[in-house]
Amino acid sequence: MSTPIFQAPVLLGGLGAIEVHVVDRRHPRVLLGPHRHADLQVVYFARGEGRHVLDGEVHELADGDVYLIPPGHVHDLSGIDQDAKGWAIEFSASALDGMTCGGTSTALWRANPLLRSFAHVTPGGVSARLRVPRPDRAEWTDRCRQMQREYQDNRTGRALALYGNLLLLLIDIARLAESRAEPVQRHLRAAQDPVLAEVFAVIEEYWATDLGPADVAARVGLTPAYLTTLVRERTGRPLSAWILERKMAEARTLLLSTDRSVESIAAAVGFSDPAHFNRRFRQVHGLPPGRWRNNQTKS
């Protein structure tokens with residue numbers, strides 16, 4: 001039986017997806033057992049009791065634990081105890097569309113400075129876990145509760161409130177990751193993955209062309225089969241998905257910031273066939289690009 005995969009609903013002004021859940025023994029996904037997510041996920045435990053299994057590795061929970069779960073990684077919360085209490089916040093990288101760092105595009109989440117800690121997560125490893133210092137836990141709990149209320153209540157400014165709290169949460173995570181002193185974290189910061197760095201540099205340079213996995217493999221000097229397997233193992237997603245994500249990020253920007261035709265935008269992001277672009281856009285966003293644009297301009 002295949003592992004169930006969940007995806008957050010689009011909420012943030014139509015651009016980004018976000019979902020907030022309380023994590024306890026009663027939650028359906030806790031009862032489900034092993035599952036994975038199509039988006040990025042933060043799981044914070046105000047009270048950590050029991051076990052969390054990530055990619056087959058067992059983690060004994062403690063108060064203040066934070067888990068960073070990239071897309072595609074399998075985790076299982078069915079081993080948490082009755083007293084465990086936390087929050088799961090799932091969000092798409094497109095929630096941070098338009099963010100830049102020193103003039104460099106951050107359309108791919110691995111390049112986004114606020115999401116760098118997710119890129120360092122190794123399957124099942126301790127790199128997925130952070131620990132919030134005791135004096136800061138009340139603030140983390142309050143923020144998660146506020147995000148839960150905003151998610152549940154359809155009040156004015158809901159999307160902006162969720163987006164603002166998400167940014168603050170990610171800033172706290174980035175700072176927490178920088179301050180941790182475990183040897184494995186120092187190793188991850190010091191030894192960046194040169195192959196993946198080269199792969200994403202190629203995607204960033206050539207995304208506007210008819211770029212495919214074979215083209216990326218040729219430019220990094222590896223066979224397509226080997227590189228495809230490597231990228232999937234190290235990121236949880238196939239190489240083709242990363243290429244498509246970069247193209248779709250630019251397509252969304254052009255649809256919202258220009259009046260260019262869908263056919264023109266398709267060509268600008270490397271699709272020679274507008275019908276193919278329409279199909280792929282609809283697969284990712286649930287609507288064809290023209291209707292998606294109209295919905296955003298009305299909201």
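Which side chain of opposite charge is nearest to R137, and how far away is it? The tour of this predicted model starts with that residue.

**First stop: R137**

Select R137 in helix α3, which covers residues 137–152. R137 is buried, yet it has no salt bridge. The nearest side chain of opposite charge belongs to D63, at 4.9 Å. A salt bridge requires a side-chain nitrogen of Lys or Arg within 4 Å of a carboxyl oxygen of Asp or Glu, so the 4.9 Å separation from D63 does not qualify. Next, display the backbone of V132: its oxygen lies 2.8 Å from a polar atom of the R137 side chain. To complete the surroundings, add Y44, D63, G64, R131 and V132, which are in contact with R137 when neighbours within four places in sequence are left aside.

**Second stop: the largest nonpolar core**

Select F91 and L170 together. Of the 45 residues in the largest nonpolar core, these two touch the most other members. Colour the elements that give two or more residues to this core: β3 (16–23), β5 (40–47), β8 (65–69), β10 (85–91), α3 and α4 (158–179). The most is given by α4, with 8 residues. In soluble globular proteins, nonpolar side chains tend to be buried together.

Now centre the view on F91. Beyond residues up to four places away in sequence, F91 touches A17, I18, D39, L40, V42, L115, F118, L166 and L170.

**Third stop: β3 and its partner**

Move to β3, a mostly covered strand in which 7 of the 8 residues are buried. Show β10 beside it; β3 and β10 pair in the antiparallel sense over 6 bridges. Within this pairing, select V23 and find G86 of β10 standing opposite.

**Fourth stop: the open sheet**

Select β7, β6 and β9, which form an open sheet of 3 strands in that order, with antiparallel pairing. The edges are held by β7 (57–60) and β9 (75–76); each has a single partner strand, so one side of each is left without a neighbour in the sheet. Strand β6 (residues 51–54) pairs with β9 over 2 bridges in the antiparallel sense. For one point along this pairing, pick V53, whose bridge partner in β9 is D76.

**Last stop: D55**

Finish in the loop between β6 and β7, where D55 lies. Is D55 buried, partly exposed or exposed? With a relative accessibility of 27%, D55 counts as partly exposed. Inspect its backbone as well: D55 has a positive phi of about 55° although it is not a glycine.

Terms used
Residues numbered from 1 in each chain as written. Predicted model: local features only at pLDDT ≥ 70, side-chain atom pairs only at ≥ 80, totals over all residues. Heavy atoms only, no water. Helix = DSSP H or I, 4+ residues; strand = E, 2+ residues; numbered from the N terminus. Buried < 20%, exposed > 50% of the residue type's maximum accessible area, 1.4 Å probe, protein only. Lys, Arg positive; Asp, Glu negative; His and termini not counted. Polar contact = N/O pair within 3.5 Å; in protein donor to acceptor, adjacent residues only side chain to side chain. Contact = heavy atoms within 4.5 Å. Core = buried A, V, L, I, M, F, W, Y, C linked by side-chain atoms within 4.5 Å. Pairing = 2+ DSSP bridges.
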